[in-house]
Amino acid sequence: MLCHKKTTNNRLQMKRTLFLKNILGIGLLSAVGCRLDGGNSKSEHTLTDIKSASDQESVKELRKDLISAWHRSETMTMTNVEQMPPDYFTFKYTDEAMTFSEQWRHCIMYTCGQLAARSGLVNPYENVKLPVQMTKEHVVKELKNMYAFVRKSIEELSDEMLLSDCEFAGDTIPVWRLFYAMENHIIHHRGQCVVYLRLNGVTPKGFYGW
C-alpha cells in the first residue's frame, strides 16, 4: 500500500513538473524542479534571474532561425537570378508589368527601406538611386548587398528592438516578425520571376528544403 502511494505521488509530481515546463518554459524548469524535490536547493539564482537567462536564450535561438531562413532565401533567390540569361533582364510579359530586373530592384529597395524605417536601422539605399533597368551583374551585386544587410541587422539589433512592436500593413507586429514579412514579400516576387524564366524557355531549378 505504501509503495503504491509513493508511486502515485511520483506520477503526480512528474505531471506537475511537465505542466510547469509547458507554462513557464524550459528555462524555469531547473529552479522549479528544485522546489518540487523538497526545496533543498541552495542555488543563489532567483526565478527572475533564470527567466531573464531563458529569455536571452530564446532571443538567441530566434536570431539563429531568422539568419537560417534568410540564408535559404538567398540561395533560392540567387538560383532564380543566375538562371535568367543576361539578355532577358529587361523582359516583361505585359506593358504594365515590371521587367525581370525591376522585380529584383523592387525587392532590394523595399526590403531595406521597410526594415530601416521600422527598426531604426540606417537604410543603405537612402541616398542611392538604383537604375530602373539593371544588368544581370548589377542585380546580383545588389541582391548580395541586401542579404548581407539583412543578416547584419538580425545579428546587431538589440534584444529590446527585436522584440519591440512596429506598425506594418495596418497592423502592429513585433520587429522580428517584420523580417519574415519581408521574406514573404520576396517569395511573392520570386514566384513571379519563376514564370519569367519559363516564358523565356528556361526550366526553373527545383527548390528543396526550408
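This report covers salt bridges, aromatic pairs and the surroundings of Arg190 in a predicted model.

**Salt bridges**

The whole structure contains 5 salt bridges. Three of them are listed here, among them the bridge between Asp159 and Arg63.

| Acidic residue | Basic residue | Closest N to O distance |
|---|---|---|
| Asp159 | Arg63 | 2.6 Å |
| Glu156 | Lys152 | 2.9 Å |
| Glu183 | Arg190 | 3.5 Å |

Asp159 belongs to helix α6 (residues 159-163) and Arg63 to helix α3 (residues 47-83), so their bridge ties together parts that are 96 residues apart in sequence. Asp159 is partly exposed, at 27% relative accessibility, whereas Arg63 counts as buried at 13%.

Glu156 and Lys152 both sit in helix α5 (residues 136-156); they are separated by about one helical turn because they are 4 residues apart. Glu156 is exposed, with a relative accessible area of 54%, while Lys152 is partly exposed at 47%. In the bridge between Glu183 and Arg190, both residues are buried.

**Arg190**

Arg190 lies in helix α7 (residues 175-199). Its relative accessibility is 5%, and the residue therefore counts as buried. Besides the salt bridge to Glu183, a polar atom of the Arg190 side chain lies 3.4 Å from the backbone oxygen of Ser73. Leaving aside residues up to four places away in sequence, Arg190 touches Ser73, Met76, Thr77, Asn80, Trp104, Tyr147 and Glu183.

**Aromatic pairs**

The structure holds 6 aromatic pairs. In one of them, the ring centres of Phe100 and Tyr196 are 6.0 Å apart and the planes meet at 50°, so this pair is tilted. Phe100 is in helix α4 (residues 100-119) and Tyr196 in helix α7; the pair links distant parts of the chain, 96 residues apart. Phe100 and Tyr196 are both buried.

A further aromatic pair, Trp176 with Tyr180, is edge-to-face, with 6.3 Å from centre to centre and 85° between the planes. Both residues are in helix α7, and their spacing of 4 residues means that about one helical turn separates them. Trp176 has a relative accessible area of 28% and is partly exposed. Tyr180 is also partly exposed, with a value of 23%.

Which residues form one aromatic cluster with Phe100 and Tyr196? The cluster is completed by Phe89, Phe91 and Tyr93.

Notes. Residues numbered from 1 in each chain as written. Predicted model: local features only at pLDDT ≥ 70, side-chain atom pairs only at ≥ 80, totals over all residues. Heavy atoms only, no water. Helix = DSSP H or I, 4+ residues; strand = E, 2+ residues; numbered from the N terminus. Buried < 20%, exposed > 50% of the residue type's maximum accessible area, 1.4 Å probe, protein only. Polar contact = N/O pair within 3.5 Å; in protein donor to acceptor, adjacent residues only side chain to side chain. Contact = heavy atoms within 4.5 Å. Phe/Tyr/Trp six-rings, centres within 6.5 Å; stacked < 30°, edge-to-face > 60°. Salt bridge = Lys/Arg side-chain N within 4 Å of Asp/Glu carboxyl O.
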